[in-house]
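Welcome to a short tour of a protein that may be new to you. Please have a look at the model below, and then we will walk through it together.

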Amino acid sequence: MTAAVFTVEATDGAARAGTVTTPRGTFSTPCFMPVGTRGAVPHLHSGDLEELGVEVVLANTYHLMLRPGAETVAQLGGIHGFAAWSGHVLTDSGGYQIYSLDPEVDDDGASFRSVYDGSMCRLTPEDAVRLQALIGADITMVLDVCPSAVADRPVLSEAVRRTALWARRGRDAFLAHPDAAQRQCQFGIVQGGADAALRLESAQRTLEVGFDGYAVGGLSVGEDQPAMLDALDACMAPLPADRPRYFMGLGDPVGLVESVARGVDMFDCVLPARLGRHGTVLSDAGRYNLAAARHAGSDEPLDPSFPGSPAGRWSRGYLRHLLATHEPTAARLITLHNLAWLLRLMDQVRTAVRTGTLDDLRAGVGSIWA
């Protein structure tokens with residue numbers, strides 16, 4: 001039995017539009033999930049996400065286990081009570097963050113230093129299950145080994161082997177947990193870098209364990225887009241059609257649309273807030289930097305073709321002024337706009353799948369964003 005029911009309602013080639021139903025409720029796919037690493041999307045609060053129509057938000061086990069601690073989150077009502085958020089929450093196991101810290105790794109787990117106080121920490125596949133159960137996410141991830149996509153093949157091969165080992169241990173721990181399997185879903189993760197053969201092997205080994213959904217990790221981390229899509233193609237065929245598929249850490253418009261066309265259903269990325277913090281705007285005409293001098297006297301909104309933007313009432317000139325004077329409102333408003341723009345793109349993608357016009361949307365997005 002699976003705690004996540006995936007229902008395909010329409011297809012266009014390999015692309016699917018449908019819903020995922022969990023013990024918490026139902027959300028639509030394909031979907032974009034904003035990243036609230038420490039329990040909040042930067043510059044935004046839960047009410048903002050509700051107004052934007054966000055259905056799933058991401059939080060990070062690594063950061064929450066260190067501050068304020070998973071036990072504290074549990075005491076304060078789990079991640080939903082803690083953040084006053086009633087929608088779905090997906091938690092990353094923290095594997096990606098850990099592997100940016102040059103950890104000491106063996107078959108049992110990973111040892112690393114806290115980014116907050118330098119203390120030594122240890123995380124095993126079983127710990128990842130226990131911590132995510134305390135945090136109370138609706139969708140949880142197994143602990144994986146996440147090397148660079150362009151690492152040497154022996155490094156990638158070892159990551160595939162260890163990821164499969166940890167997948168089995170993580171799944172066993174999840175199913176044995178007193179209540180995790182009753183109220184949470186667990187996704188496995190496919191690794192293998194940009195090596196097509198290793199991607200296929202990892203997908204097959206992850207499928208042998210059996211999960212509620214399947215994620216593609218370790219891509220969109222510096223490799224060029226053709227290499228990313230080739231690696232994605234290699235691991236999609238073995239993944240079952242009756243389970244949701246999740247591309248971890250992808251947020252660029254072309255990547256999103258191309259991955260949906262290959263059968264991916266779920267995405268997350270820090271892109272809207274990271275760009276917003278630096279004054280970069282997503283628009284139907286492409287990405288641009290609001291700090292450029294040409295916007296100083298502009299009375300245009302951030303995107304004239306997006307009248308529903310939550311920042312649409314303010315001019316580029318005004319928002320550039322806020323940005324130039326380091327007024328935090330600038331980052332907030334641009335983040336709101338960027339996230340709303342990406343959510344609207346996913347609405348358009350779902351509509352295109354349902355109407356059989358995804359190729360037309362791909363061509364349009366590619367002509368602007370390629």
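## A proline in a loop

Let us begin at Pro-68, which sits in the loop between helix H2 (61-66) and helix H3 (70-75). Helices here are DSSP runs of H or I with at least four residues, strands are runs of E with at least two, and both are numbered from the N terminus. The peptide bond joining Arg-67 and Pro-68 is cis, with omega at about 5°. A cis bond also joins Thr-29 and Pro-30, where omega is about 0°. Pro-30 belongs to the loop between strand S3 (25-29) and strand S4 (31-34).

## About the model

This is a predicted model, in which local features need pLDDT of at least 70 and side-chain atom pairs count only at pLDDT 80 or more, while totals for chains, interfaces and linings use all residues. Residues are numbered from 1 along each chain as its sequence is written, and side-chain values use heavy atoms, with hydrogens and water left out.

## The whole protein

Stepping back, you can find 15 helices and 16 strands in the protein. Its radius of gyration is 20 Å, close to the 21 Å that the globule rule gives for 370 residues, so the protein is as compact as a globular protein of that length. That radius is taken over C-alpha atoms, and the rule is 2.2 Å times the number of residues to the power 0.38. Along the principal axes, the C-alpha atoms fill a box of roughly 60 × 45 × 40 Å.

Of the 370 residues, 57% count as buried; buried means under 20% relative accessible area, exposed over 50%, and partly exposed in between, with a 1.4 Å probe and protein chains only. Contacts (heavy atoms within 4.5 Å) tell us about the fold too: among those between residues at least 6 apart in sequence, 67% join residues at least 24 apart. The protein exposes about 14500 Å², and carbon and sulfur atoms supply 51% of this area, as computed by the Shrake-Rupley method with a 1.4 Å probe.

## An enclosed helix

Now find helix H11 (residues 253-261). Is H11 enclosed or open? Of its 9 residues, 9 are buried, so H11 is largely enclosed by the rest of the structure. Its buried residues include Pro-253, Leu-256, Glu-258 and Ala-261. They pack against several elements, among them strand S2 (15-22), helix H10 (225-236), helix H14 (328-355) and helix H15 (358-369). Just after H11, Gly-263 has a positive phi of about 105°.

Val-254 is a good residue to look at within H11. Val-254 counts as buried because its relative accessibility is 10%. Leaving aside residues up to four places away in sequence, Val-254 touches Gln-225, Val-365, Gly-366, Trp-369 and Ala-370. Gly-364 is 110 residues away from Val-254 in sequence, yet their C-alpha atoms are 9.7 Å apart in space.

## A sheet of three strands

Next comes an open sheet of 3 strands in the order S7-S8-S9, with antiparallel pairing. Two strands pair if DSSP finds at least two bridges between them. The edge strands are strand S7 (104-105) and S9, each pairing on one side only. S7 and S8 are linked by 2 bridges, and Glu-104 stands opposite Ser-111 in S8.

Strand S8 (residues 110-113) pairs with S9 over 4 bridges, with Arg-113 opposite Met-120 in S9. The two strands form a hairpin with 6 residues between them, and Gly-118 in the turn has a positive phi of about 80°. In a regular strand the side chains alternate between the two faces of the sheet. In strand S9 (residues 120-123), Cys-121 and Leu-123 make up the covered face, while Met-120 and Arg-122 make up the uncovered one.

## A hairpin and two loop residues

Strand S1 (residues 5-12) runs antiparallel to S2, and 7 bridges join them. Val-5 has Thr-21 as its bridge partner in S2. This hairpin has 2 residues between its strands, and Gly-13 in the turn shows a positive phi of about 65°.

Two residues other than glycine also have a positive phi: Ala-84, near 50°, and Asp-102, near 55°. Ala-84 lies in the loop between helix H4 (78-83) and strand S6 (88-92) and is exposed, with a relative accessible area of 54%. Asp-102 lies in the loop between helix H5 (95-98) and S7, and at 71% relative accessibility counts as exposed.
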